[in-house]
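Me: Please take a close look at a single part of this model, and describe in one connected account how that part is placed among its neighbours.

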Amino acid sequence: MKFVSLNTHSWMEEDALNKLKETADFLINQDIDVIALQEINQRIDAEEIGSDSFYCAIEGQQINVKKDNYARELVLYLREKGYNYYWSWACSHIGYDIYDEGSAILSKQPFEAESLLVSPMDDPTDYHTRQLVLAHFKNEEVPLTVASCHFSWWSEDKQEGFYYEWEQLLSRLSQLPHHQVMLFGDFNAPAHIKDEGYSLVTETFTDVFELAAKKEGSFTVDENIDGWADNKEKLRIDFGFVLKSMNVLSYQVIFNDIMGSIVSDHFGIMIETAP
């Protein structure tokens, strides 16, 4: 299977619609099975729309999908090209004062969608609020859960920030009766800072970068971006992690002007796994 993760930067990007189409064309050309996306935006004042048979609804969802939802536009463009993806989205908070901002998962196969609140606050007007999207695939030989994650930065106060959010995710995953879990997304936890978030994650999960038989590229952020305004170095903060070891054939940084056009302030990652 092929998996892609990308923090899209969504409608904040210049020429965003063309970049959305470039993203979709890449997904088609690479025949991607599962896609985890972060910073998926829709305008607060946009029109709400009904769902179709490809939308995997989340029970009790507080903020509904609107007409200009970035993931929805991506799915519709893929559909125009003859490729159908099931998908779901959950809102974390208001971004840039005008957007509902959240994360999404797209998949060729249907799944049961879940939104998981991991932050101590549950207020869309507070940008610290974080919701993760989980996709539960029950028709696999080995049950699989895939999460699209966008965590807060590390805080020395363990009652908030990355540590707190990570503990909430682990608590939920401990309730699952199986299986394999794959986490993708923007962790805001640089791999080279070994005494903070990355080390915490790798106590229980394995970085697919370390498992990959073939690697092309590593860092996913090139100096300063939103949220890392003072950064002066290349960072690897977008990851794939697995709970149980698996055969990872390849790991590749994408949307970096080497493999795919630059479509966001983050590069993406693509991994291929063997059955």
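Reply: Two strands are taken to pair if DSSP finds at least two bridges between them, and the strands themselves (E, at least two residues) are DSSP runs, numbered from the N terminus. The model is predicted, so that local features need pLDDT of at least 70 and side-chain atom pairs count only at pLDDT 80 or more, while totals for chains, interfaces and linings use all residues. Residues are numbered from 1 along each chain as its sequence is written, and side-chain values use heavy atoms, with hydrogens and water left out.

The part chosen is strand E4, residues 99-107, which has a paired strand in E2 (residues 34-43), joined to E4 in the antiparallel sense over eight bridges; within this pairing Ala 36 stands opposite Ile 105 of E4. Strand E3 (residues 86-95) also pairs with E4 in the antiparallel sense, here over nine bridges, and Cys 91 is the residue that stands opposite Gly 102 in E4. E3 and E4 together form a hairpin with three residues between them, and in its turn Tyr 96 has a positive phi of about 55°.

In a regular strand the side chains alternate between the two faces of the sheet. In E4, Tyr 99, Glu 101, Ser 103, Ile 105 and Ser 107 point one way, whereas Asp 100, Gly 102, Ala 104 and Leu 106 point the other way, and all are buried, a term that stands for under 20% relative accessible area (1.4 Å probe, protein chains only). Because nine of the nine residues of E4 are buried, the strand is largely enclosed by the rest of the structure.

Terms used
Buried means under 20% relative accessible area, exposed over 50%, partly exposed in between (1.4 Å probe, protein chains only). Helices (H or I, at least four residues) and strands (E, at least two) are DSSP runs, numbered from the N terminus.
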